[in-house]
Amino acid sequence: MIYLLTGCAGFIGSQIGKKLLERGHQVIGVDNLNDYYDTRLKEYRLKNLSQYDSFTFKKLNIANFQALEVLFQYHEFDGIFNIAARAGVRASVDQPWLYYDTNTSGTLNILECCRRSGIRKLVQASTSSVYGLNETPFRIEDNTDRVISPYAASKKAAETLCHSYHYIYGLDIAIPRYFSVYGPAGRPDMAYFKFMVAIDQGRAIDIYGDGEQARDFTFVGDVAEASIRAMDLEGYNIMNVGDDNPVKLNQVVSLLEELLGKKAECNYLPRHPADNLVTWSDISHTRKLLDWEPEVAIEEGLRRVVDWYKANRDWVQGLKI
Ligand SMILES: NC(=O)c1ccc[n+]([C@@H]2O[C@H](COP(=O)([O-])OP(=O)(O)OC[C@H]3O[C@@H](n4cnc5c(N)ncnc54)[C@H](O)[C@@H]3O)[C@@H](O)[C@H]2O)c1
């Protein structure tokens, strides 16, 4: 199969790409390589993908409809993984238009290109942030109208556009809602990554709130597997892709201390109002839909993250974080 993978230089996109390539598929990857975080990490992931002959990279902004149109004229895709996005909750408060342009208009551009080219299958990355302040565990039946950040609003808008294209044109669209994804070569703006480097360097870590907030940390390999299985679904399907095991931030700090053999110095700061207190996925529906189960528990997943960090310590410490 030939797949278009947007956001291929990103954390999750690169892992989806790797699994697709390992399974013998052809992947056309696009990414605009923006500098939301250090682009050396994106180049590192691209280099890993470029080892496969069946991978092609094109630098492209999905918010640019004309550029996407040209890409679709030159390739025939069996399906699209639209994983590219601006993905920072707090950054979206400062730059709401940027988030809307990429996450909402960018998704609309992909949908229009699918319609015009007769491509019927799309996996559209979404987020647990659409659940806002709902009671946990979050279920796909929950009301997701009351989001609490421009990021979540931009992703919710993308979901609703997908539904309208499914309804009018019959596209098969699968929408995995990811929960706090972590893993080796992850995003340096995420707490576990910043904590790991700071603890190792003997610097204090900033914790927004009392550290008792919990996240349903989900290992990136499990997320990539669920996303690929979702491509085979027919119709319009939303699903939670989480670990079903919320872990407190303070517990993540303890695990990192253990793995690094160093003690953390913690600065507790006021909680950011756009941050959720708890995220927790109800994945009963996903288990049945995808015949999928998260396989890597937090202790093992963080061990793999720290092993990767130790193997690349000098280089990672040089990254802008
Ligand atoms: N990491 C998580 O915990 C998490 C949780 C929920 C949802 N998600 C979603 O998963 C997806 C991937 O997130 P990630 O954590 O891998 O983030 P990431 O920032 O590492 O990856 C996103 C990639 O998209 C690219 N990109 C951004 N804007 C683009 C544009 N206009 N055109 C082309 N490429 C563009 C970026 O350069 C980046 O390489 C996103 O859709 C995000 O909203 C992630």
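**Ligand shell**

I checked which element fills most of the ligand shell. Helix 1 gives the largest share, three residues. I am working on a predicted model.

Next I listed the elements that contribute two or more residues to this shell. They are helix 1 (11-22), strand 2 (26-31) and helix 5 (96-117).

I then looked up which of the 30 residues around the ligand come nearest. They are Gly7, Gly10, Phe11, Ala85 and Tyr178.

I sorted the shell by residue class. I got 14 nonpolar, 11 polar and five charged residues.

**Cis peptide**

I went through the omega angles. The bond joining Thr136 and Pro137 is cis, with omega about -5°. I located Pro137 in the loop between strand 6 (126-127) and helix 6 (150-169).

**Positive phi**

I looked for positive phi outside glycine. Leu33 has a phi of about 50° and is not a glycine. I placed Leu33 in the loop between strand 2 and helix 2 (39-49).

Is Leu33 buried or exposed? I noted 15 other C-beta atoms within 10 Å of Leu33, so it is partly exposed. The cut-offs are 20 or more for buried and 12 or fewer for exposed.

Asp244 came up too. Its phi is near 60°, again positive in a residue other than glycine. I found Asp244 in the loop between strand 12 (236-241) and strand 13 (247-248).

I ran the burial check on Asp244 as well. Asp244 has 18 other C-beta atoms within 10 Å, and therefore I logged Asp244 as partly exposed.

How values were computed
Residues numbered from 1 in each chain as written. Predicted model: local features only at pLDDT ≥ 70, side-chain atom pairs only at ≥ 80, totals over all residues. Near = placed C-beta within 6 Å. Helix = DSSP H or I, 4+ residues; strand = E, 2+ residues; numbered from the N terminus. Nonpolar A, V, L, I, M, F, W, Y, C, P; charged D, E, K, R; others polar.
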